[in-house]
Amino acid sequence: MSDTPVIRTALGGFPGYELLDSGHRRKLERVGAVTIIRGEPKAWWEPALPPAEWNRAQAAHDEDSGWNLRPGCPREWSLRGNGLTFLTRLSDSSKHWGLFPEQSPHWQAIRQAAAPGARLLNLFGYTGAATLVAAQAGWRPTHVDASRPAVAWARENQQASGLSDRPIRWIVEDALRYVRREIKRGSRYEGILLDPPAFGRGPDGRVWKVERQLPELLDLCRQLFSERPRLMILTTYNIEASSLMLRNLLADSLRVPADTIEAGELALPHAAPPGRLLPLSIYARWSAP
Ligand SMILES: C[S@@+](CC[C@H](N)C(=O)[O-])C[C@H]1O[C@@H](n2cnc3c(N)ncnc32)[C@H](O)[C@@H]1O
């Protein structure tokens, strides 16, 4: 049997965002007018830029002490692109600032698969990027996240983006529990997005472990699809897994042949040197033909 190019590298990005450099398990990013440094476990290589460039960063995150801000560096600002506005926030409870630009290839797929009134379930939705892209494109999204602050932040993004009139259901709930409840209620969706963390907690403190609960969650998702499914996307990071594994799981969940599913890595290009890519997560994605 000959080799077949089944794995893709999908490059993300967002207006106003640049991955300036990475290396020594850290990354240097520009988010609007602010340059920041965060830990990046996958960046094993040497940084390309000299230390002087890294030293100019206005904020740096440390696992133990949180964000360390230079005088004058804002804690909150916003980033605007593709007709959406996202509030950017450096909070000591997280090294994340509110958006995952590497997810942008998924946003494109969400736009392409949109149909007026089609229902989309966004599990583990965080600050709502995919939910707002979907609402903007005409989907009727249901956004589920176990974190009340994350859902509140997503709602702020909805307002900042001028999408307050869109029919979005905001749910603070454990993903698995919500899906079980939706099955009982007989709810149906044309699209389902899953972006589970390796480890998490539901609002009641119940532990989520991706390797233990994902197969069950995917199995339950099958029961939530309407007769005309349009889109399913599964993304994972920081776990022992390959995108081929996600592809097989999605094929099971949708009951479609594995070779109808795109699988690969989400990566970000560096501003310099050209050609160097930072891998960030793996994914499997199915769109109705
Ligand atoms: C990395 S984020 C997802 C990123 C998001 N898809 C985006 O592109 O912006 C993972 C999210 O899962 C949520 N989470 C963790 N455990 C959960 C659970 N058991 N049920 C629902 N959400 C959970 C976290 O609060 C967090 O917002």
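## Ile7 and a nonpolar surface patch

I7 lies in strand 1, which spans residues 7-11, in what is a predicted model. With a relative accessible area of 43%, I7 is partly exposed, and together with V6 and L244 this residue forms a nonpolar patch on the surface, the three sharing about 220 Å² of accessible area. I7 can belong to such a patch because its relative accessible area is 43%, and patches are made of residues with over 30%.

## Strand 15 and its two partners

Strand 15 covers residues 231-236 and is mostly covered, with 6 of its 6 residues buried. The side chains are divided between two directions, L231, I233 and T235 pointing one way while M232, L234 and T236 point the other way, and all of these are buried.

Two pairings of this strand can be described. Strand 12 (residues 191-194) runs parallel to strand 15 and is joined to it by 4 bridges, and within this pairing I192 has M232 as its bridge partner. Strand 17 (residues 277-287), in turn, pairs with strand 15 in the antiparallel sense over 6 bridges, and here T236 stands opposite I282.

## A buried glutamate

E102 is placed in the loop between strand 8 (84-89) and helix 2 (104-113). Which side chain of opposite charge is nearest to E102? That side chain is K27, at 6.2 Å, and E102 is buried yet has no salt bridge.

Leaving aside residues up to four places away in sequence, E102 touches G12, L266, A267, L268, L280 and S281. Of these contacts, L280 and S281 fall within the residue range of strand 17, 277-287.

Technical notes: Residues numbered from 1 in each chain as written. Predicted model: local features only at pLDDT ≥ 70, side-chain atom pairs only at ≥ 80, totals over all residues. Heavy atoms only, no water. Patch = residues over 30% accessible without salt bridge, like charges linked within 9 Å, V, L, I, M, F, W, Y side chains within 5 Å. Areas by Shrake-Rupley, 256 points an atom, 1.4 Å probe, with all protein chains shown as cover. Salt bridge = Lys/Arg side-chain N within 4 Å of Asp/Glu carboxyl O. Buried < 20%, exposed > 50% of the residue type's maximum accessible area, 1.4 Å probe, protein only. Lys, Arg positive; Asp, Glu negative; His and termini not counted. Contact = heavy atoms within 4.5 Å. Pairing = 2+ DSSP bridges.
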